[in-house]
Amino acid sequence: MERVKIGLLGAGRMGKNHARVYSTLKGAELVAVVDSDLERARQIADRFGGHATGCIQDLVGEIDAASIAVPSSAHHEVGLELMTMGVDCLIEKPIAASLEEADQVLVRLEEPVFGDRAIDDALGLGSQHGVTVSRSVDA
């Protein structure tokens, strides 16, 4: 099975939890941890896999999907930047800091790069209800 290449944005408490979960999944490969605190990103990458970076642009062409676990106030900005790069995103809750920002994310998802494309990656994280990472296969 081809593994889904994951980029993790945010190396705080939630980011560390996402990294821990991905490290246990056969269908996922954590390839990068992005954080403004490069040392904290390195600690998570060293423990759970991937490399550390401080720049989202370093992920271009390297990942299939991203987990966004930055502070809630940045979910909107980081999510839109990754979606503009064509990256499928799992955004920690809340999706944005305001309804206006959440609407902008939803509008972005309706644009051609997403709206006319089948969803290839299915990601699920849950500490109580099981976890899956899979890649659909086009028939």
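This is a guided tour of a predicted model, arranged as a series of selections to make in the viewer.

**The whole chain**

Begin with the protein chain coloured by secondary structure, which comes to five helices and seven strands. Following the chain along its sequence, you should meet these elements in the pattern β-α-β-α-β-β-α-β-α-α-β-β. If you then switch to a surface view, the protein chain exposes about 7,900 Å², and carbon and sulfur atoms supply 50% of that area. Of the 139 residues of the protein chain, 39% count as buried. Among contacts in the protein chain with a separation of 6 or more, 56% are accounted for by residues 24 or more positions apart.

**The nonpolar cores**

In soluble globular proteins, nonpolar side chains tend to be buried together. Select Ile-6, Leu-8, Ala-19, Tyr-22, Leu-30, Val-33 and Ile-44 and show their side chains, since these are the residues with the most contacts inside the largest nonpolar core, which has 18 residues. The elements that give two or more residues to this core are strand 1 (4-9), helix 1 (13-23), strand 2 (28-34) and helix 2. Helix 2 supplies the largest share of this core, namely four residues. In another colour, add Leu-9, Ile-63, Ala-66 and Ala-74, which are included in a second, separate core of 14 residues.

**Helix 2, from both sides**

Now select residues 38-48, which make up helix 2, and look at how the side chains are arranged around the axis. Which residues of helix 2 are buried? The buried residues are Ala-41, Ile-44, Ala-45 and Phe-48. They lie on the same side of helix 2, because they cover an arc of only 100° around the axis. These buried residues pack against strand 1, helix 1, strand 2 and strand 3 (51-53), so it helps to keep those elements displayed. Turn to the other side of helix 2, and there you will find Gln-43, Asp-46 and Arg-47, which are exposed.

Move on to Gly-49, just after helix 2, where the backbone takes a positive phi of about 115°. As background for this stop and for a later one, most residues other than glycine have a negative phi, and most peptide bonds are trans.

**The salt bridges**

Side chains of opposite charge can pair when their charged atoms come close. How many salt bridges does a search of the whole structure find? The search finds two salt bridges, and they can be visited one after the other.

For one of them, select Asp-35 and Arg-40, whose closest N and O atoms are 3.4 Å apart. Asp-35 is buried, with a relative accessible area of 9%, whereas Arg-40, at 36% relative accessibility, counts as partly exposed.

For the other, select Glu-39 and Arg-42, whose side chains meet at 3.9 Å, N to O. Glu-39 and Arg-42 both lie in helix 2, three residues apart, which is about one turn of the helix. Glu-39 is partly exposed, with a relative accessible area of 43%, and Arg-42 is likewise partly exposed, at 40%. While Arg-42 is selected, add Ala-11, which lies 31 residues away along the chain, and check that the two C-alpha atoms are separated by 8.9 Å.

**Leu-59 in its loop**

Next, go to Leu-59 in the loop between strand 3 and strand 4 (65-68). Is Leu-59 buried or exposed? Leu-59 counts as buried because its relative accessible area is 1%. Show Leu-9, Ala-32, Val-34, Leu-82 and Met-85, which Leu-59 touches when residues up to four places away in sequence are not counted. The C-alpha atoms of Leu-59 and Val-33 are separated by 9.5 Å, although these residues are 26 residues apart along the chain.

**A cis peptide bond and two cysteines**

Continue to Pro-94, in the loop between strand 5 (88-91) and helix 4 (99-109). The peptide bond from Lys-93 to Pro-94 is cis, with omega near -5°.

As a last selection, take Cys-55 and Cys-89. Cys-55 counts as partly exposed at 33% relative accessibility, and Cys-89 is also partly exposed, with a relative accessible area of 27%. A search of the whole structure finds zero disulfides.

Definitions and conventions: Residues numbered from 1 in each chain as written. Predicted model: local features only at pLDDT ≥ 70, side-chain atom pairs only at ≥ 80, totals over all residues. Heavy atoms only, no water. Disulfide = S-S within 2.5 Å. Buried < 20%, exposed > 50% of the residue type's maximum accessible area, 1.4 Å probe, protein only. Salt bridge = Lys/Arg side-chain N within 4 Å of Asp/Glu carboxyl O. Contact = heavy atoms within 4.5 Å. Areas by Shrake-Rupley, 256 points an atom, 1.4 Å probe, with all protein chains shown as cover. Core = buried A, V, L, I, M, F, W, Y, C linked by side-chain atoms within 4.5 Å. Arc of directions from axis to C-beta.
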